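Me: Hello! I would like a close look at one spot in the model below, and then a walk from there through other places that deserve attention.

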Amino acid sequence: MARSRSSSSIRWRYVNPAYYLKRPKRLALLFMAFVFVSFFVWDRQTLVREHEEELLKLKEEMERLQNELGELTQEGGVSVKKINTTTKRTDLTKTDSFVPDPIETQRREKVKDAMVHAWTSYEKYAWGHDELQPQSKNGVDSFGGLGATLIDSLDTLYIMGLDDEFQRAKEWVANTLDFNKNYDASVFETTIRVVGGLLSAYDLSGDNVFLEKAKDIADRLLPAWNTPSGIPYNIINLAHGNAHNPGWTGGDSILADSGTEQLEFIALSQRTGDPKYQQKVENVILELNKTFPADGLLPIYINPHRGTASHSTITFGAMGDSFYEYLLKVWIQGNKTAEVKHYREMWETSMKGLLSLVRRTAPSSFTYISEKIGNSLIDKMDELACFAPGMIALGSSGYGPADSTKFLNLAEELAWTCYNFYQSTPTKLAGENYFFHSGQDMSVGTSWNILRPETVESLFYLWRLTGNKTYQDWGWNIFQAFEKNSRVEAGYVGLKDVNTGVKDNMMQSFFLAETLKYLYLLFSPPSVISLDEWVFNTEAHPLKIVPRLGLGLGLGSKQHKQPPTTTTRLRARREGRFGGT
Ligand code: DMJ
């Protein structure tokens, strides 16, 4: 009995703390064993949890890859991925931390009223036609009867929140729009207004009908690029696909008409997954790059057989303008990666050439961009070239600090000149072009005004990129001049003469697509169509910036890290100079 009691007490002594207090070595051993076991158990649990997370991730990755596999298209040996840009409507009501300014709000509403007036007049008198003639109250088909004003207006209606109007326009696109027209269409005009307008409506609304229609019309335009050099013919029959150049160019293609389809066709390839559109238009730039001059200035006529420039005018105005604009914007659309580096390089070369055309007037020292034939400069500037201040400002952030400031300053000086094209006339509306005679500052040449957007476009960019509200005030003054001189009972008209104010009978579709849109955005928060997320085509149709479809067409192939976005770099400048907005 005594023995059994003693063996049980021996067994239990190990759980008695007093036993260990007297034996510190054993206590230490016991502690180490405890730590080891705890760590082992904790480590196992962590591993299991990590494996579970890893498995979940792998499962998600597998699902994503399976989805992508379904979307992969094989064409011409090139694997391409359709990029899903619009799974839902774009929400334009997010305005971040923007504090609404009552004056801006009031001005924005006035511009919206103008759009309602223009649109309802078009709906009433010219529905489905290309353009409205407001004085005679009828429609005309200046672009082959493709509903140019209607398509040009889709995104403006959407951005302004005119939802019922947008719906009615969409129904027309879905049910009535027919591109099978025996009509010789301008490849350029049809691309920037119709392909651009439809793609923008698709990006904003996510409605597939717009993408299908964009593909339909682009397929009809594509044979225009089947030339020996790949530089397109500028006119094509929409029903039969016969392409040619206008007689008055002597068989040549026009620079702007040939180099202003890149944004739209690249966007179409991204959204359909079909590389053929992108290939055609990117090849044009590669071809022009082969003989690109040292000053980056191309004459306005290009021979489509040889792919080289013919002796003709060099200008940032009519027939040259948007070629330079698209060099910069394709670089932005391509996320500024190595694959699109040659676009930026070509653009920077052209900007050196632009600097060589810059002159100043006397006595007021207005900065302007002259034109050139051979070695002779011509002291003339089109209002059309007033897109350049906006373009230069947009591209300025891609330079180092010194050049960035230099180009932004140039953009601001040019915008001042363009604003004065308006301010210097009795109607306060700009003429079509200006001459700069010695000692006389500026004088109107061709004196009509057809509701063009270029100056307000530049004011929009400069306001967005500098935060200087002066640009809003200038835009407001121009808007008021349109209201005073161009608003009539059934829409808006141009002026035959900005000196007399005599009216014409045409509401250009770009007034709704561009002029009113840029004015509306000039008085909207910068997050509405942010320049970090969208790029505007030359008809002011915003296209969403999405990952580039790699076709290996670029001169460089390696992707590099994306540089800071335009607005992030310039926001810092804006906060320094103007105390933030
Ligand atoms: C528009 O169709 C486009 O902006 C084009 O690039 C130039 N001309 C008109 C507006 O003036």
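In which loop is I529 found?

Reply: Happy to help! This is a predicted model, in which local features need pLDDT of at least 70 and side-chain atom pairs count only at pLDDT 80 or more, while totals for chains, interfaces and linings use all residues. Residues are numbered from 1 along each chain as its sequence is written, and side-chain values use heavy atoms, with hydrogens and water left out.

I529 sits in the loop between α18 (509-522) and β19 (534-536); helices (H or I, at least four residues) and strands (E, at least two) are DSSP runs, numbered from the N terminus. The backbone of I529 has a positive phi of about 55°, although the residue is not a glycine. With a relative accessible area of 1%, I529 is buried, a word that stands here for under 20% relative accessible area, with exposed for over 50% and partly exposed for what lies in between (1.4 Å probe, protein chains only).

Another non-glycine residue with a positive phi is M319, at about 80°. M319 belongs to the loop between β9 (301-302) and α12 (321-333). Its relative accessibility is 27%, so M319 counts as partly exposed, whereas I529 is buried.

The loop that holds M319 has other residues to look at. P304 is also found between β9 and α12, and at 0% relative accessibility P304 counts as buried. The partners that P304 touches, leaving aside residues up to four places away in sequence, are T227, P228, S229, I231, Y233, N245, G251, D252 and S253; contact means heavy atoms within 4.5 Å. For one of these partners, D252, the C-alpha atom is separated from that of P304 by 6.4 Å, while the two residues are 52 residues apart along the chain. S310 is found in the loop between β9 and α12 as well, and S310 is buried, with a relative accessible area of 16%. D252 turns up again among the residues that S310 touches, together with P299, Y301, I302 and N303, not counting residues up to four places away in sequence.

One more loop has a backbone feature of another kind: a cis peptide bond joins A362 and P363, with omega about 5°. P363 has its place in the loop between β10 (358-360) and β11 (367-369).

Next comes the disulfide, meaning a pair of cysteine sulfur atoms within 2.5 Å. A search of the whole structure finds one. It is formed by C386 and C418, with sulfur atoms 2.1 Å apart. The link of C386 and C418 is left-handed, with -90° about the S-S bond. C386 lies in the loop between β14 (380-382) and α14 (388-396), and C418 in helix α15 (residues 401-423), so the pair ties together parts that are 32 residues apart in sequence. Both ends are covered: C386 is buried at 0% relative accessibility, and C418 is buried at 1%.

C418 leads on to a helix pair. Two packed helices are described by the angle between their axes and the distance between the axes. The axes of α14 and α15 come within 8 Å and cross at roughly 165°; axes are lines fitted to C-alpha atoms, for helices over the stretch in contact, and angles run from 0 to 180 degrees between N-to-C directions. That makes α14 roughly antiparallel to α15, since angles under 35 degrees count as roughly parallel, over 145 as roughly antiparallel, 65 to 115 as roughly perpendicular and the rest as oblique. P389, I392, A393 and S396 of α14 make the contact with S404, F407, L408, L410, A411, L414, A415 and C418 of α15. By class, these residues divide into 10 nonpolar, two polar and no charged; Ala, Val, Leu, Ile, Met, Phe, Trp, Tyr, Cys and Pro count as nonpolar, Asp, Glu, Lys and Arg as charged, and the others, Gly among them, as polar.

For a second helix pair, take α6 (residues 163-175) and α8 (residues 208-221), whose axes come within 10 Å and cross at roughly 45°. That makes α6 oblique to α8. In this contact, F166, K170, V173 and A174 in α6 meet V209, F210 and K213 in α8. The contact of α6 with α8 has five nonpolar, no polar and two charged residues.

To set these places in the whole chain, the secondary structure comes to 19 helices and 20 strands. Of the 581 residues, 56% count as buried.
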